[in-house]
Amino acid sequence: MIRVAAAGDLHVGPEMAGEYRAHLAALADQADVFLVAGDLTRHGTAEEGGIAAGVLRDLGLPVVAVLGNHDYHSDAEDEITGVLRDAGVTVLEGDATVLDCDGTTLGIAGGKGFGGGFEGRCASDFGEPEMKAFIRHTKDFADRLHLSLTELDADVTVALTHYSPSADTLEGEPLEIYPFLGSYLLGEAIDAAGVELAVHGHAHKGTEKGLTSGGMRVRNVALPVLQHAYAVYCLEAPEPADPHRDRERVSAW
């Protein structure tokens, strides 16, 4: 059994750094790993990145994060990534990491991801160069996510992104902005590889639970959706003789 704590859209700033950190005091007793699904900062400044690093430093368990669109706003994503890594946080961008959780290995592959929309309401790489570049960025990331997931050698695998791989977890958001909240291409990459859980943020008015088109479990862990500091998902290693049984239990804190 692996206990995966997750949250996204922390949006820390000078006025709330200590407040959110206080909610993480018991995290190491309740989970084996903490996944952060992007938007650690509000405006993507290096100063805010330092505050986020302070919040996530020395929590007593591994912390794995991806950046979100807010973390890119001030073109300081490299500085934010650097200060997070200096604080001991593993930051993924189209790559993966494997953790040993009391003898069970947990593989996590992820990155920010990007938009484009979902089946029947998606953009395509047709027409203007700007539109082609928009979709090409998502395709490039989806290809790297798929490769990272398929190359993982772990008992349990999780996909971690900021943008959503499923329209299910966007329910509650205006339909007009779905293309800017996620892409079916991320879902296809996850479906092709197979995961025990896909975690994302970004959709503040969305829904926590959903599925990809291929039936992979998806959880939107944006703080405005969770209404808690984090959720904890308990994942069991798959049993080869019974691969379709429910392998997840959930609690929230």
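**Figure 1. Strand 9 and its parallel neighbours in the predicted model.** Strand 9 and strand 10 (residues 197-200) run parallel and are joined by three bridges. Strands (E, at least two residues) and helices (H or I, at least four) are DSSP runs, numbered from the N terminus. Two strands pair if DSSP finds at least two bridges between them. In strand 10, V199 stands opposite L160. Strand 6 also runs parallel to strand 9, and six bridges join the two. One bridge links G111 to its partner T161 in strand 9. This is a predicted model: local features need pLDDT of at least 70, side-chain atom pairs count only at pLDDT 80 or more, and totals for chains, interfaces and linings use all residues. Residues are numbered from 1 along each chain as its sequence is written, and side-chain values use heavy atoms, with hydrogens and water left out.

**Figure 2. The two faces of strand 9.** Why is strand 9 largely enclosed by the rest of the structure? Six of its six residues are buried. Buried means under 20% relative accessible area, exposed over 50%, and partly exposed in between (1.4 Å probe, protein chains only). V156, V158 and L160 cover one side. T157, A159 and T161 lie on the other. Strand 9 leads through helix 6 to strand 10, and this β-α-β unit is right-handed. Right-handed means that, with the strands pointing away from the viewer, the path from the first strand over the helix to the second runs clockwise.

**Figure 3. The open six-stranded sheet.** The strand order is 5-6-9-10-12-11, with mixed pairing. Strand 5 (95-101) and strand 11 (209-211) are the edge strands, each pairing on one side only. On average, neighbouring strands are turned by 25° against each other, direction ignored. Axes are lines fitted to C-alpha atoms, for helices over the stretch in contact, and angles run from 0 to 180 degrees between N-to-C directions. Strand 11 and strand 12 (residues 217-220) run antiparallel, joined by three bridges. There, R217 of strand 12 stands opposite L211.

**Figure 4. Helix 5 across the sheet.** Helix 5 (residues 129-151) lies across strand 5, strand 6 (104-111) and strand 9 (156-161). Its direction is at about 170° to strand 6. The helix has 23 residues and reaches 32 Å from its first C-alpha to its last. That is close to the 33 Å expected at 1.5 Å a residue, where the expected span is 1.5 Å times one less than the number of residues. Buried residues of helix 5 include I135, F141, L145 and L149. The buried residues of this helix pack against strand 5, strand 6, strand 9 and helix 6 (184-193). Contact means heavy atoms within 4.5 Å.

**Figure 5. Strand 3 between strand 2 and strand 4.** Strand 3 (residues 63-66) is covered on both faces, with V63 and A65 buried on one side and V64 and V66 on the other. Four bridges pair it with strand 2 (residues 33-37) in the parallel sense. A37 has V66 of strand 3 as its bridge partner. From strand 2, the chain crosses through helix 3 (residues 46-56) to strand 3 in a right-handed β-α-β crossover. Strand 3 also pairs with strand 4 (residues 90-91), parallel, over two bridges. Here A65 has V91 as its partner. Strand 3, helix 4 (residues 77-86) and strand 4 form another β-α-β unit, and it is right-handed.

**Figure 6. Two nonpolar cores.** A nonpolar core is a set of buried Ala, Val, Leu, Ile, Met, Phe, Trp, Tyr and Cys residues joined through side-chain atoms within 4.5 Å. The largest has 32 residues, and Y20, L24, L27, F34, L56, L84 and Y230 touch the most other members. Helix 3 gives the largest share, five residues. Leaving aside neighbours within four places in sequence, L84 is in contact with L40, A52, A53, L56, L67, V89 and V91. Another core lies apart, with 23 residues, among them I108, V156, L197 and V199.

**Figure 7. Two loop residues with positive phi.** Most residues other than glycine have a negative phi. D102 has a positive phi of about 50°. H202 has one near 85°. D102 sits in the loop between strand 5 and strand 6, and H202 in the loop between strand 10 and strand 11. Which is D102, buried or exposed? D102 is exposed, at 79% relative accessible area. H202 counts as buried, at 12% relative accessibility.
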